[in-house]
Amino acid sequence: MKPLHIEGPFISPRDGYRGAHPLDAVRPAELDAMQRLLEAGQGLVRYVTLAPEHDANFAVTKYLAAQGIAIAAGHSDASYDQLIGAVDAGLTLYTHLGNGCPGQMARHDNIVQRVLSLREKLWITFIADGAHIPFFALANYLDLVGDRAIIVTDAIAPAGLGPGRYSLGRWDLQIGDDLVARSPDGSHLVGSALSMPGVIERLTRELNLSSQRIEQLIAVNPRRALGMM
């Protein structure tokens, strides 16, 4: 059985930071709710993403760390001090940096810059489909983060099925000829329609990454981040 990643509901309720998560499903981090989610995961949960600014006293972060579960910040506008506090409590990753945030933010003091400043303390993941982050920007991120970078797909259930209209939970979404998953009005992305083989092809073609570097980004580093090697 593969390990599970829980992303939400303990994320920022603010527009932009919330991403495609429904507002009424978002809530502050609470121990009882977290414990119920872990029970539902039947021992398979290895990775939880939450917003540190909505985890009072970092109680859930500390609890998960004590269980040996990797904790990431994500869909978050945590301040620099809040991120430092979360790291001290056991935070070790950041989920899909450059996404789960508004398109317009403060020029310098923003979640992207805060996380990058902590790149020696955090494993930082990036979505590499070319839609969530342009490849020229992804190249900059990978150069800066170096050996602590991780590539993820953010793939949704219809990934690999090609263009069309699909349902995903509450979402009615459209995958266009460009293989990008968007809300029907085109206002925002709803996950990625590209699975890992497609990501590998684009990393090779767009960034000219070696097979060894790609293996590190998609397999070796994730296992290290989750304590699996």
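Ser12 sits in the loop that links β1 to α1, a good place to begin a walk through this predicted model. At 1% relative accessibility, Ser12 falls under the 20% limit and so counts as buried. Leaving aside neighbours within four places in sequence, Ser12 is in contact with Tyr17, Arg18, Val26, Ala51, Glu53, His54, His75 and Ser76. One of these, His54, is 42 residues away along the chain, yet the two C-alpha atoms are separated by 7.0 Å. The side chain of Ser12 also has a polar atom 3.2 Å from the backbone nitrogen of Arg14.

**The parallel sheet**

Now to the sheet that β1 belongs to. This open sheet has 6 strands in the order β1-β2-β3-β4-β5-β6, paired in the parallel sense. Why is one side of β1 and of β6 left without a neighbour in the sheet? Both β1 (4–7) and β6 (149–152) stand at the edges and have a single partner strand each, so one side of each stays unpaired. From one strand to the next, the twist averages 30 degrees.

At one end of that order, β1 and β2 run parallel and are joined by 4 bridges, and Leu4 has Val45 in β2 as its bridge partner. Between these two strands the chain passes through helix α1 (residues 31–40), in a β-α-β crossover that is right-handed. Strand β2 (residues 45–50) also pairs with β3 (residues 70–73), again parallel and over 4 bridges. Here Tyr47 has Ala70 of β3 as its bridge partner.

Two helices can be placed against these strands. Helix α2 (residues 59–66) lies across β2, β3 and β4 (91–94), and runs at about 165 degrees to β2. Helix α7 (residues 211–225) packs on the sheet as well, where it touches β3, β4, β5 (123–127) and β6. The direction of α7 makes about 115 degrees with that of β6.

**Thr49, inside the sheet**

Thr49 is a residue of strand β2. Is Thr49 buried or exposed? With a relative accessibility of 0%, Thr49 counts as buried. Its contacts, leaving aside neighbours within four places in sequence, are His5, Ile6, Glu7, Gly8, Ile11, Ala72, Ala73, Gly74 and Thr95. Two of the residues in that list also make polar contacts with Thr49, side chain to side chain. The table sets these beside the Ser12 pair.

| Atoms on one side | Atoms on the other side | Distance |
|---|---|---|
| Thr49 side chain | His5 side chain | 2.7 Å |
| Thr49 side chain | Thr95 side chain | 2.7 Å |
| Ser12 side chain | Arg14 backbone nitrogen | 3.2 Å |

**The nonpolar core**

The largest nonpolar core has 52 residues. Which residues have the most contacts inside it? They are Leu64, Phe126, Leu138, Leu142, Ile151 and Leu203. Helix α5 (residues 135–145) gives the most to this core, with 6 residues. Leu64 touches Met34, Leu38, Val48, Leu50, Ile69 and Ile71, not counting residues up to four places away in sequence.

Helix α3 (residues 80–89) has buried residues too, namely Leu83, Gly85, Ala86, Val87 and Ala89. What covers them? The cover includes α2, β3, β4 and α4 (111–116). Just after α3 comes Gly90, which takes a positive phi of about 130 degrees.

**The antiparallel sheet and Ala131**

There is also an open sheet of 3 strands, with the order β7-β8-β9 and antiparallel pairing. Its edge strands, β7 (164–168) and β9 (181–182), each pair on one side only. Strand β8 (residues 171–175) is joined to β9 by 2 bridges, and these strands run antiparallel. Gln174 has Arg182 of β9 as its bridge partner.

Last comes Ala131, in the loop between β5 and α5. Its relative accessible area of 31% makes Ala131 partly exposed, whereas Ser12 and Thr49 are buried. Leaving aside neighbours within four places in sequence, Ala131 is in contact with Val180 and Leu189. Ala131 and Thr153 are 22 residues apart in sequence, and their C-alpha atoms are 11 Å apart in space.

Key. Residues numbered from 1 in each chain as written. Predicted model: local features only at pLDDT ≥ 70, side-chain atom pairs only at ≥ 80, totals over all residues. Heavy atoms only, no water. Pairing = 2+ DSSP bridges. Axes fitted to C-alpha atoms, helices over the stretch in contact; angles between N-to-C directions. Contact = heavy atoms within 4.5 Å. Buried < 20%, exposed > 50% of the residue type's maximum accessible area, 1.4 Å probe, protein only. Polar contact = N/O pair within 3.5 Å; in protein donor to acceptor, adjacent residues only side chain to side chain. Core = buried A, V, L, I, M, F, W, Y, C linked by side-chain atoms within 4.5 Å. Right-handed = clockwise from strand over helix to strand, strands pointing away.
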